[in-house]
Amino acid sequence: MTNPLGSSNRGRQSLPTPPSGWPVGSYQTYAEAQRAVDYLADNQFPVQNVTIVGVDLMQVERVLYRLNWGKVIGGGVVSGAWLGLFLGLLLSLFTTNGMAGPLLVGLVGGIIFGVISTTIPYAATRGQRDFASTMQLVAGRYDVLCDPKAAEQARDMLARLAI
């Protein structure tokens, strides 16, 4: 497929590829792997040869709180009010009769929209999902891989970091 604006896709890979390189370090958290790569960068290592790879991926859903009709409607009111105030403010820029009318119309319209847009999906679940949550993709460990031509130097440098 070509780009209608004429810019080329040079330098970009068209399909995802697995990472390559030799392992030079393995860490329990992403922060530790990031610290290792930062250490290499601080010591003038060519970090463009390095890749951080998450291994043993897991999708983790953390439950935040229980949902009920009060929380759903309240959340719809609050989010709708913010949206409505924003739209009312924009609308008031194009009127000459003052700000109160457009702000009030935007606020009421936003609240109605917010309540409808939160209650319909909640009602559709019919009690099968009465909780709010966040999703994360985490790894069991994080490996730092390096291009084979520089892997030995990177491994030696990271061994000094562990001391």
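Begin by selecting helix α2 (residues 69-92) together with helix α3 (residues 100-125), whose crossing in this predicted model is right-handed. If you look along the two helices, you will find that their axes come within 6 Å and cross at roughly 145°. Colouring the contact of α2 with α3 by residue class shows 17 nonpolar and 10 polar residues, while charged residues are absent from it.

Keep α2 and α3 on screen and switch to a surface view, then select L83, F86, L87, L90, L93, F94 and F113, which form a nonpolar patch on the surface with about 770 Å² of accessible area together. Helix α2 supplies the largest share of this patch, namely four residues, whereas F113 is found in helix α3.

Next, turn to the aromatic side chains, where the structure holds two aromatic pairs. One of them is formed by Y30 and Y142, an edge-to-face pair with 5.7 Å from centre to centre and 70° between the planes. To see how this pair links distant parts of the chain, show Y30 in helix α1 (residues 30-42) alongside Y142 in strand β3 (residues 131-146), the two being 112 residues apart.

Stay with strand β3 for the last stop and select R141, which forms a salt bridge with D56, with the closest N and O atoms 3.8 Å apart. This pair, too, links distant parts of the chain, since you will find R141 in strand β3 and D56 in strand β2 (residues 50-66), with their positions 85 residues apart in the numbering. The count of salt bridges comes to four, and the one formed by R141 and D56 is among them.

Notes. Residues are numbered from 1 along each chain as its sequence is written. This is a predicted model: local features need pLDDT of at least 70, side-chain atom pairs count only at pLDDT 80 or more; totals for chains, interfaces and linings use all residues. Side-chain values use heavy atoms; hydrogens and water are left out. Axes are lines fitted to C-alpha atoms, for helices over the stretch in contact, and angles run from 0 to 180 degrees between N-to-C directions. A crossing is left-handed if the near helix is turned anticlockwise from the far one by less than a right angle, and right-handed if clockwise. Ala, Val, Leu, Ile, Met, Phe, Trp, Tyr, Cys and Pro count as nonpolar, Asp, Glu, Lys and Arg as charged, and the others, Gly among them, as polar. Patches are made of residues with over 30% relative accessible area and no salt bridge: like charges are joined within 9 Å, nonpolar side chains (Val, Leu, Ile, Met, Phe, Trp, Tyr) within 5 Å. Accessible areas come from the Shrake-Rupley method with a 1.4 Å probe; for residues, only the protein chains shown count as cover. A salt bridge is a side-chain nitrogen of Lys or Arg within 4 Å of a carboxyl oxygen of Asp or Glu. Rings of Phe, Tyr and Trp (its six-membered ring) pair if their centres lie within 6.5 Å; planes under 30 degrees apart count as stacked, over 60 as edge-to-face and the rest as tilted.
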